[in-house]
Amino acid sequence: MAFYVLRRILTMIPTLLVISLLTFIIIELPAGDYISNQIAALRAAGESASIAKLEFMRSEFALDRPFLERYLIWIGFWPGPHGFDGLIQGNWGWSFEYDKPVAEVVG
């Protein structure tokens, strides 16, 4: 019985990793990210002061890093701008639409 439970738990770990990778890929599929789209809109409007703030936000949320590094930061396996702070540590991220943590939006 203990062997069966151990085997199921060991099977669950790669399954969750694959599901999280697929979820992250789906999030990354649209062209650009939220910050890039905001910068393009501000440049079209001729505003430059807010662009510096958005560039800061890009580095703050690690959107300027390569895909694999962003995924590892998102999961919590790689230190990001605030150290190890990902899904494993209970941080679901930030909702730009509601301007509050995702855990509060979902809750």
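What percentage of the 107 residues of the chain counts as buried? In this predicted model, the share is 18%. The tour below begins with the whole chain and ends at one helix and the residue after it.

**Whole chain.** Select every C-alpha atom and orient the view along the principal axes; the atoms fill a box of roughly 65 × 25 × 25 Å. The radius of gyration is 17 Å, whereas a compact globule of 107 residues would have a value near 13 Å.

**Secondary structure.** Switch to a cartoon and colour by element: five helices and two strands appear. Traced along the sequence, their order is α-α-α-α-β-β-α.

**Contacts.** Next, display contacts between residues with a separation of 6 or more. Of these, 29% join residues 24 or more positions apart.

**Surface and charge.** Turn on the accessible surface, which comes to about 7800 Å² for the chain. Carbon and sulfur atoms contribute 66% of that area. Then select the charged side chains, 8 positive and 11 negative. The centres of these two sets are 9 Å apart.

**Helix α4.** Select residues 67–75, which form helix α4. Show the side chains of R70, Y71, I73 and I75, the buried residues of this helix. To see what they pack against, add residues 2–28: this is α1, the packing partner of the buried residues of α4.

**After the helix.** Finally, select G76, the residue that follows α4. Inspect the backbone here: the phi of G76 is positive, near 110°.

Methods: Residues are numbered from 1 along each chain as its sequence is written. This is a predicted model: local features need pLDDT of at least 70, side-chain atom pairs count only at pLDDT 80 or more; totals for chains, interfaces and linings use all residues. Side-chain values use heavy atoms; hydrogens and water are left out. Helices (H or I, at least four residues) and strands (E, at least two) are DSSP runs, numbered from the N terminus. The radius of gyration is taken over C-alpha atoms; the globule rule is 2.2 Å times the number of residues to the power 0.38. Buried means under 20% relative accessible area, exposed over 50%, partly exposed in between (1.4 Å probe, protein chains only). Contact means heavy atoms within 4.5 Å. Accessible areas come from the Shrake-Rupley method with a 1.4 Å probe; for residues, only the protein chains shown count as cover. Lys and Arg count as positive and Asp and Glu as negative; His and the chain ends are not counted. The place of a charge is taken as NZ of Lys, CZ of Arg, CG of Asp or CD of Glu.
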